[in-house]
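Please look at the structure below together with its sequence. The report that follows starts from one residue and then moves outward to the chain as a whole.

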Amino acid sequence: MDEMSYYQPWIFSIAASLIVGLSGVLPMLVIPMESGVKLKNPGNNSRKMRRLLSFAVGGLLGDVFLHLLPEAWEKAQYRQNGGYEILFWVLVGLTAFGIIEKMLSSTENMYDSKKIEEDVSVNNNSGEKLAVDSISKKARVAGYLNLVANSIDNFTHGLAVGGSFLVSTRVGCLTTLAILLHEVPHEVADFAILLRSGFTRWEAAQAQFSTALIGLAGSLTALGVDSGDKLGERTAWILPFTAGGFLNIALFNVLPELIETIHPNTLISDVSSFISGLSVMAAVSYFVE
């Protein structure tokens with residue numbers, strides 16, 4: 001019986017982490033999305049994709065200001081200079097994701113140059129291909145950045161799941177339910193960004209589920225640490241760092257592209273979708289947390 005009690009948190013934590021990870025596949029079931037060039041070419045933006053991306057920006061900003069930063073402040077408010085620590089790690093997150101973006105952009109430039117050289121030898125219309133590639137490059141980088149940020153976010157969820165099941169099975173189940181309710185609208189936003197970056201629906205679902213392995217690692221990390229206080233001290237930087245990453249993606253990658261291609265006919269639907277994303281995250285934060 002004692003041995004069973006020892007392994008019970010591990011079994012439930014691993015199962016709960018996998019369930020949370022499966023929420024990344026749900027958008028594929030609820031978003032009937034056309035595939036092909038229309039999703040990858042900003043010049044051919046469909047209204048449905050614009051609404052999804054506007055929802056994504058609202059959802060990401062809502063996640064940052066209504067979930068990640070308040071939770072970080074809750075843990076840091078009793079520490080000396082806790083507010084400055086949060087600000088510092090947000091700036092570190094913004095800067096780190098900016099550096100990653102530049103590195104990915106350089107990689108994309110090298111890929112584009114090679115592709116153009118190959119196209120010149122077989123096709124006289126390489127200039128047209130260059131235009132399409134250069135337009136979609138920023139969207140591709142945003143997709144990769146989002147996967148990095150989502151992996152870190154899932155790690156924090158895993159920490160919460162693992163730590164809660166160490167307290168009790170009831171607390172663990174309630175924490176898992178709260179994370180699921182928060183995660184579903186967030187995954188819809190992530191899914192839209194991946195589709196915009198050139199992923200097919202199936203590739204986006206696979207990428208979303210692969211980040212669940214990071215969440216599982218977070219859960220195992222929490223289970224392997226004896227003291228909850230010690231765990232909190234070692235991982236206090238993750239929440240504001242992730243917030244900085246999401247701010248970078250929303251404000252410097254997705255939003256500028258929407259503004260560049262804005263049209264009076266889509267302005268109302270874009271703003272409505274942005275408010276919807278923000279409202280959903282606000283509702284989740286209010287009723288769950």
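## A residue in the core

In this predicted model, Val254 is in contact with Leu53, Val57, Ile193 and Ile249, once its neighbours within four places in sequence are left aside. Val254 and two of these partners, Ile193 and Ile249, appear again among the residues that, together with Phe246, have the most contacts inside the largest nonpolar core, a group of 37 residues. At least two residues of this core come from each of helix 4 (47-76), helix 5 (82-122), helix 6 (126-167), helix 7 (169-196), helix 8 (201-210) and helix 11 (238-260). The greatest contribution is that of helix 4, which gives eleven residues. Apart from this core lies another one, made of five residues, including Ala16, Val161, Phe165 and Ile179. As a general background, nonpolar side chains in soluble globular proteins tend to be buried together.

## The chain as a whole

The protein chain contains twelve helices and zero strands, and from the N terminus on every element in the series is therefore written as α, under the rule that defines helices and strands. Of its 289 residues, 45% count as buried. The chain exposes about 14,700 Å², and carbon and sulfur atoms supply 65% of that area. Among contacts with a separation of 6 or more, 84% are accounted for by residues that are 24 or more positions apart.

## Two residues of helix 6

Which residues does Leu147 touch, if those up to four places away in sequence are not counted? They are Leu194, Phe199, Ala207 and Thr211. Leu147 has its place in helix 6, and because its relative accessible area is 18%, Leu147 is buried; the cut-off for this label is under 20%. Leu147 also illustrates how positions that are separated along the chain can be compared in space, since Leu147 and Gln208 are 61 residues apart in sequence and 7.6 Å apart from C-alpha to C-alpha.

Ser164 is found in helix 6 as well. With a relative accessibility of 6%, Ser164 counts as buried, and beyond its neighbours within four places in sequence Ser164 is in contact with Val171, Gly172 and Thr175.

## Aromatic rings

The structure holds five aromatic pairs. Two of them are set side by side in the table, and Trp89 takes part in each.

| Pair | Centre to centre | Angle between planes | Kind |
|---|---|---|---|
| Phe88 and Trp89 | 5.2 Å | 75 degrees | edge-to-face |
| Trp89 and Trp237 | 5.5 Å | 40 degrees | tilted |

The pair of Trp89 and Trp237 links distant parts of the chain, for Trp89 is in helix 5, while Trp237 is in the loop between helix 10 (228-235) and helix 11, 148 residues apart. Trp89 counts as partly exposed, at 28% relative accessibility, and Trp237 likewise counts as partly exposed, at 34% relative accessibility. Both residues belong to one aromatic cluster, which is formed by Phe88, Trp89, Phe97, Trp237 and Phe241.

## A salt bridge

How many salt bridges does the structure hold? There is one, and in it the side chains of Arg50 and Asp270 meet, with 2.7 Å from N to O. Because Arg50 lies in helix 4 and Asp270 in helix 12, the pair ties together parts that are 220 residues apart in sequence. Are Arg50 and Asp270 buried or exposed? Both are buried. In general terms, side chains of opposite charge can pair when their charged atoms come close.

## A nonpolar patch on the surface

Finally, the surface has a nonpolar patch formed by Ile262, Leu267, Val271 and Ile275, which together have about 330 Å² of accessible area. Ile275, one of these residues, has its place in helix 12 (residues 264-288). With a relative accessible area of 45%, Ile275 is partly exposed.

Conventions
Residues numbered from 1 in each chain as written. Predicted model: local features only at pLDDT ≥ 70, side-chain atom pairs only at ≥ 80, totals over all residues. Heavy atoms only, no water. Core = buried A, V, L, I, M, F, W, Y, C linked by side-chain atoms within 4.5 Å. Buried < 20%, exposed > 50% of the residue type's maximum accessible area, 1.4 Å probe, protein only. Helix = DSSP H or I, 4+ residues; strand = E, 2+ residues; numbered from the N terminus. Contact = heavy atoms within 4.5 Å. Phe/Tyr/Trp six-rings, centres within 6.5 Å; stacked < 30°, edge-to-face > 60°. Patch = residues over 30% accessible without salt bridge, like charges linked within 9 Å, V, L, I, M, F, W, Y side chains within 5 Å. Areas by Shrake-Rupley, 256 points an atom, 1.4 Å probe, with all protein chains shown as cover. Salt bridge = Lys/Arg side-chain N within 4 Å of Asp/Glu carboxyl O.
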